[in-house]
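Here's a quick walk through a model, written with the bench in mind. Have the sequence and the structure open side by side as you read.

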Amino acid sequence: MEDFKIIKIPEQTEEDGQQEEPILKRKEPEDDYTPPKKRYIFLIILLILSIVAVIVIKIISTYDDYEEIKTWERVDTGESTYSSFQGNILKYSGDGIFYTSYDGSLIWNYTYDMTNPAIDTCGNYIIAYDKKGSEVDIFSNKGFVNQISTNIPVIDARVAGQGTVALLLQENNTSYIQMYDKTGTLLVSGEIHPENRGFPVSMALSSDATKLLLSIINVNGGDITSELVFYDFTDKGKEEVDNIVATYTYIGTLIPKVEFVNKDKALAFADKKIIVFNNNLRATVAKEINVSQEMKSIFYNNTHFGYVCEEALEDGTVVNQLNVYNLYGLKTTTKEITESFTDISLMENNEVLLSDGNNISIYNLQGFEKFKYTFDEKVYSVIPGATSRRYYLIEESRTEEIGLK
C-alpha cells in the first residue's frame, strides 16, 4: 500500500469560498462476501439433528450390567426403611431414625420406641410418627426439633415446609383433626362424627400449611360414598363455615389416597378413577381419569403420577399395564410389563422403579426398559445419582454407588 503525503494545503480565496471543491477520500476496499444462507441453514439443521440423535440414543439405551464405583459397608439392626432426603439418606425403624450421608457418616440420629413407624417430609422438615400410637417427632435437616404427644391414637400425620404438623386422630368412631406449629402450639382443632360425615381415611397438607384435604368414607345401607373435603386456613377460607371451601361427593367410589404435589396441586386416587384438581380457592376439578380396570398400584412425585392395572390381551392373556400422566392429566406412558413386583415408585428423576427385593427394573417415561438386574442381596432402595447412569443401592449389608453399562 502506498503512503499518502500532504505536500501543500491550498489556501482558500474569496472566490473559492463560494463553491467548495469536494475533497476526495481514498476508499478502503470493502469485504462484501457473505456466506450463502443455505450454509447457515445446513449447519442449524445439522446441530438440531445431532441433539435429537443424542436424546433418542439416551431414551432407547438399555443396560443389563453395572460397575461398582464406591461401596460402603453398613451394619443395620432389624428391618429398616430407607428414603432419600436432600442429597442424603433417611433410615428409620421401630428403634429410631438416622440421617446419614451415602458413605454412612452420621449427620444426626434420634432414638424412640414405635410399633408401626412412618415418616413424612416437606422442605427442610421431617416427622416420624407411630401409626395408632401417640408419639409424633419433628426434625429438621439439622436434627431434633420437638415432640408432640397425644391422648388419642394417630392415624395419619403430615408436615409442611415451615414445620407445621397436621394430625388425623381416631377414637370411639370419632375422628379429630389437629394442627400444631413446630413448637407444639395447637393451631387448629376439629371433630368429625361418623353420623354426620363418615370416617376419614386419608389426609393431605399443602406445603405452606394453608390447605388441608380429607378423603372421608361413608357406608350407608351397604353403599359406599366418598367425600373429598377441602379446608382453607387463609383469610378467604375463614369466611366459610368451618373453613370448608369445597366438597365433592362420589357415590359407589372408594378414595383411599389423597395428596398435594407440586405447587400444591391436589390428587385423589380412587379405586377406578384419578382426579386432578386446580390450585385455586375452590379446588375446581381439572381432569378426571377413568380407569376401566381396578388399579393394583399407584405412584407419584412432583411432576407425574400413574398406576398399574391388569389388562386382558386379545388371546386372553392378562398382563400388567403401566400408565403414567403429567400433572395436567395427559398420558405420557403406556407400557405392558411382564415383571412381577411388590413395590413400585416414581423416582425423583422421573424413572419408574419396579422391585420385588432382589429383582430390579427401571423404566423411563417413554416406556423403554432402561435397566434390569437380579442382585445377590435384597435391595431396600434405589436412589438416582448425579448423572443418568449413576445410582445408589441400599442393600442389606452395604450401600453401593453404581454405574450402568
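Which residues make a nonpolar surface patch of about 290 Å²? I41, I45 and L49 do. One of them, I45, sits in helix α1, residues 37–60. With a relative accessibility of 43%, I45 is partly exposed.

Before going on, a word on where this comes from. The model is predicted, so to speak of a local feature takes pLDDT of at least 70 and side-chain atom pairs count only at pLDDT 80 or more, while totals for chains, interfaces and linings use all residues. Residues are numbered from 1 along each chain as its sequence is written, and side-chain values use heavy atoms, with hydrogens and water left out.

Some terms, too. Buried means under 20% relative accessible area, exposed means over 50%, and partly exposed is in between (1.4 Å probe, protein chains only). Patch residues have over 30% relative accessible area and no salt bridge; like charges are joined within 9 Å and nonpolar side chains (Val, Leu, Ile, Met, Phe, Trp, Tyr) within 5 Å. A salt bridge here is a side-chain nitrogen of Lys or Arg within 4 Å of a carboxyl oxygen of Asp or Glu. Helices (H or I, at least four residues) and strands (E, at least two) are DSSP runs, numbered from the N terminus, and two strands pair if DSSP finds at least two bridges between them.

**Sheets and hairpins**

Let's start with strand β11, residues 165–171, where five of the seven residues are buried. β11 pairs antiparallel with β10 (residues 154–159) over five bridges, and V154 stands opposite L169 in β11. β11 also pairs antiparallel with β12 (residues 174–180), this time through seven bridges; there V165 has Y180 as its bridge partner.

Next come two open sheets. One has four strands in the order β6-β7-β8-β9, paired antiparallel. Its edge strands, each pairing on one side only, are β6 (117–122) and β9 (143–149). From one strand to the next the twist averages 20° (axes are lines fitted to C-alpha atoms, and angles run from 0 to 180 degrees between N-to-C directions). Within this sheet, β8 (residues 135–140) and β9 share six antiparallel bridges, and D137 faces Q147 in β9.

The other open sheet runs β14-β15-β16-β17, four strands with antiparallel pairing. β14 (199–205) and β17 (244–251) are the edges, each with a partner on one side only. Here the twist averages 15° from one strand to the next. Six bridges link β14 to the antiparallel β15, residues 211–220, with P200 opposite I216.

**Positive phi**

Which residues take a positive phi? These are among them:

| Residue | Phi | Place |
|---|---|---|
| G163 | near 95° | hairpin of β10 and β11, five residues between the strands |
| N172 | near 50° | hairpin of β11 and β12, two residues between the strands |
| K263 | about 55° | loop between β18 (257–260) and β19 (266–269) |
| N350 | near 65° | loop between β26 (343–346) and β27 (352–355) |

K263 is not a glycine, and neither is N350. K263 is also exposed, at 70% relative accessibility.

**Cysteines**

How many disulfides does the structure hold? Zero, taking a disulfide as a pair of cysteine sulfur atoms within 2.5 Å. C122 is buried at 18% relative accessible area, and C309 is buried too, at 2%.

How values were computed. Accessible areas come from the Shrake-Rupley method with a 1.4 Å probe; for residues, only the protein chains shown count as cover.
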